[in-house]
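Subject: Handover of a structure and the findings from it

Dear colleague,

Please find below the structure that I am handing over to you. A description of what was found in it follows.

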Amino acid sequence: MLANLLLTRKRQGSHTMAYPHGPAPVLPQRFPGMPGIVADLCMPDCPAPCIQACSTEAVTRIDGHIQIDTGKCLFCRECEQACPCGAICFTGQHRLAAARREDLIIDSMPTHGPAAKNINATKSFGHSFALRVVSAGGCGACEADVNVLNTLAWDLGRFGIHYVASPRHADGLLVVGPVTKNMETAIKVTYAAIPAPKYVIAVGTCAVSGGMFLNMNECNNGVDTVIPVDLYIPGCPPHPLTILDGLLGFLGKCPGLE
C-alpha cells in the first residue's frame, strides 16, 4: 500500500506553482489589472464622461488631468468604456499593492507596480509572518481569494506566511471588508490584542477606501479610518496573485516588488 502511494505521488508531481521563482500564472483576458491613462489622448476640454461613469469617485480631474484612485476603483472598466478619447485602459498588470495610500493614485501609464516593501517588517518577520484574518463586513469575495492562497497550487506556507486563529499568536492583522460600524469595536480590540511590533494589511477596495459603500452611515471608509494600515492591496476582489505579490513585496521576498 505504501509503495503504491509513493508511486502515485511521484507520477502526480508537484502542483504548486513555481512563482515567484518561475513565471507567474497566466491570468484570464477579462482580468483588468492596473489602470493606465494615456496623457496625450486625454483632452483638457473633454466633458469627462469617465468621471460620471464611476460609482465610487475613483476617477477625478485635477488641474485638467484625469486621475484614477485604484484604492477606490472597482475595476469594472466603466470609465474605460465611457472615455471618448480612448485615454483610459486597463493593462492587465497584477501588481497593485502599495505601502502608501497615495501611491494608489494613477495619472499616467504605469511602468511598474507601486512600492510595497516595509523594511521593518522584513527585518522582524522576513522568515515567519503570522496573520489574523478578519472579515469586517465584506461580501466574502476578498476573503475567498485570501483563503485560496492556502490551497495546494499557491501554498502560502512555503514563504513562512500563515493564518492563525488568535490575534495573540499573530504578527499582523489582515482585514477584508469596509469595516461596518458593527465591526469597528471588534477590529480595534483585535488590533490591540496583537503584540507589538504589528502590521495591518487592507485587502480589497472596500478595506482600502470603503469601496461601493463609500460615505455610507453604516460603514467606515476603509480600515485606516479605524486603525493604522501598513499595506494596501486594492481590487474588487483582488486576484490571489495580486494578494500574494503584495505580501511577498511587503516582506521583501520577491524581486521587483520593493
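How many of the residues of helix H8 (residues 240-250) are buried? Before the answer, please note that this is a predicted model. In helix H8, 11 of its 11 residues are buried, and the helix is accordingly described as mostly covered.

The buried set of H8 includes Pro240, Leu241, Thr242, Ile243 and Leu244. Asp245 and Gly246 also belong to it, as do Leu247, Leu248, Gly249 and Phe250. These buried residues pack against two helices and four strands along the chain: helix H4 (119-125), strand S6 (129-135), helix H5 (141-148), strand S7 (161-163), strand S9 (199-203) and strand S10 (231-233). After H8 comes Gly252, which has a positive phi near 70°.

The protein as a whole

The protein contains 8 helices and 10 strands. Its radius of gyration is 19 Å, close to the 18 Å that the globule rule gives for 258 residues, so the protein is as compact as a globular protein of that length. Along the principal axes, the C-alpha atoms fill a box of roughly 75 × 45 × 30 Å.

Of the 258 residues, 47% count as buried. Among contacts with a separation of 6 or more, 76% are between residues 24 or more positions apart. The accessible surface comes to about 12600 Å², and carbon and sulfur atoms hold 54% of that surface. As to charge, there are 19 positive and 20 negative side chains, and the centres of these two sets lie 12 Å apart.

The sheet of S2, S3 and S5

One open sheet has 3 strands in the order S2-S3-S5, and their pairing is antiparallel. Its edge strands are S2 (59-62) and S5 (105-106), each of which pairs on one side only. In general, the strands of a sheet pair through backbone hydrogen bonds, in either a parallel or an antiparallel manner.

Strand S2 is joined to strand S3 (residues 65-69) by 4 bridges, and the two strands run antiparallel. Within this pair, Arg61 stands opposite Ile66 of S3, while Thr60 has Gln67 as its bridge partner. The hairpin of S2 and S3 has 2 residues between the strands, and Asp63 takes a positive phi near 55° there.

On the other side of the order S2-S3-S5, S3 is joined to S5 by 2 bridges, again with the strands running antiparallel. Here Asp69 has Ile105 in S5 as its bridge partner.

The loop that holds Gly177

Is Gly177 buried or exposed? Gly177 lies in the loop between strand S8 (172-176) and helix H6 (181-193). Its relative accessibility is 4%, so Gly177 counts as buried, the cut-off being under 20%.

Leaving aside residues up to four places away in sequence, Gly177 touches Ala136, Gly137 and Gly138, and also Val203, Cys206, Ala207 and Val223. Gly177 and Asn220 are 43 residues apart in sequence, and their C-alpha atoms are 9.8 Å apart in space.

With kind regards

Methods. Residues are numbered from 1 along each chain as its sequence is written. This is a predicted model: local features need pLDDT of at least 70, side-chain atom pairs count only at pLDDT 80 or more; totals for chains, interfaces and linings use all residues. Side-chain values use heavy atoms; hydrogens and water are left out. Two strands pair if DSSP finds at least two bridges between them. The radius of gyration is taken over C-alpha atoms; the globule rule is 2.2 Å times the number of residues to the power 0.38. Buried means under 20% relative accessible area, exposed over 50%, partly exposed in between (1.4 Å probe, protein chains only). Contact means heavy atoms within 4.5 Å. Accessible areas come from the Shrake-Rupley method with a 1.4 Å probe; for residues, only the protein chains shown count as cover. Lys and Arg count as positive and Asp and Glu as negative; His and the chain ends are not counted. The place of a charge is taken as NZ of Lys, CZ of Arg, CG of Asp or CD of Glu.
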